[in-house]
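Reader: I am a first-year student, and I would like to go slowly through one part of this model. Could you start from a single residue and then work outwards to its surroundings?

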Amino acid sequence: MMENKVFLSFAFYSTILILKMYVVAIITGQVRLRKKAFANPEDALRNGGLQFYRQDPDVERCRRAHRNDMENIFPFLFLGAVYSLLDPSPTVARIHFLIFCVGRIVHTIAYLLQLRAPTRSVAYSVAQLPCFSMALQILLATTPYW
């Protein structure tokens with residue numbers, strides 16, 4: 001496996017994306033603490049009282065960014081792993097992984113910093129292109145065996 005340059009590239013970019021998701025989770029927690037908006041009554045009681053057992057728009061924005069990551073990065077992890085097994089060109093594969101990774105990072109930055117439209121939508125769309133490409137290549141490679 002360590003000789004598979006495509007898989008190593010996939011592992012690198014996937015790890016960057018997972019770390020990015022952890023960062024968003026940490027940011028969400030920090031915003032919860034700063035805004036005193038807790039999702040659980042026991043957390044609110046520990047931090048000032050039940051009045052802080054509430055929702056906050058900034059916390060919800062962070063949660064939506066995190067949920068959007070899960071909806072997009074998890075499928076990428078599957079597609080990228082299977083795609084790596086197809087023996088694609090290492091350069092082409094690296095470009096696929098890089099585009100997805102950069103697109104997701106820009107998407108998160110745009111989401112959390114509330115950048116003007118259509119920044120977030122463009123980043124989302126750009127990141128979807130390599131996923132569709134990998135999915136199509138997987139289907140083309142596996143169709144003869146179906």
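Where in the chain is the place of Asp87?

Author: Asp87 sits in the loop between α3 and α4, where the helices are DSSP runs of H or I with at least four residues, strands are runs of E with at least two, and both are numbered from the N terminus. Before going further, please keep in mind that this is a predicted model, in which local features need pLDDT of at least 70 and side-chain atom pairs count only at pLDDT 80 or more, while totals for chains, interfaces and linings use all residues. Residues are numbered from 1 along each chain as its sequence is written, and side-chain values use heavy atoms, with hydrogens and water left out.

Although Asp87 is not a glycine, its phi is positive, at about 60°. Most residues other than glycine have a negative phi, and most peptide bonds are trans. Asp87 counts as exposed because its relative accessible area is 69%; the cut-offs, for a 1.4 Å probe and with protein chains only, are under 20% for buried, over 50% for exposed, and partly exposed in between.

Beyond this loop comes helix α4, which runs over residues 90–112 and has 23 residues. From its first C-alpha to its last, α4 reaches 33 Å, close to the 33 Å expected at 1.5 Å a residue, where the expected span is 1.5 Å times one less than the number of residues. Among its buried residues are Ala93, Phe97, Phe100, Cys101, Arg104 and Tyr111. The cover over the buried residues of α4 includes α1 (5–35), α3 (57–84) and α5 (119–142).

The far side of α4 is worth equal care. The helix is followed by Gln114, a residue in the loop between α4 and α5, and Gln114 is not a glycine yet has a positive phi near 55°. That loop also holds Pro118, and the peptide bond leading from Ala117 to Pro118 is cis, with omega near 5°.

One of the helices covering α4 is α1, which has 31 residues and reaches 45 Å between its first and last C-alpha atoms, close to the 45 Å expected at 1.5 Å a residue. The buried residues of α1, including Phe10, Tyr13, Leu17 and Met21, pack against α3 and α4. Ser9, also in α1, counts as buried because its relative accessibility is 9%. Setting aside neighbours within four places in sequence, Ser9 is in contact with Arg94 and Phe97, contact meaning heavy atoms within 4.5 Å. Further along α1 lies Gly29, which is partly exposed because its relative accessible area is 28%. Gly29 and Val59 are 30 residues apart in sequence, while their C-alpha atoms are 8.2 Å apart in space.

To set this part in the whole, the chain has five helices and zero strands. Buried residues make up 35% of its 146 residues. Of the contacts in the chain with a separation of 6 or more, 68% join residues 24 or more positions apart. Taken along the principal axes, the C-alpha atoms fill a box of roughly 60 × 35 × 30 Å.
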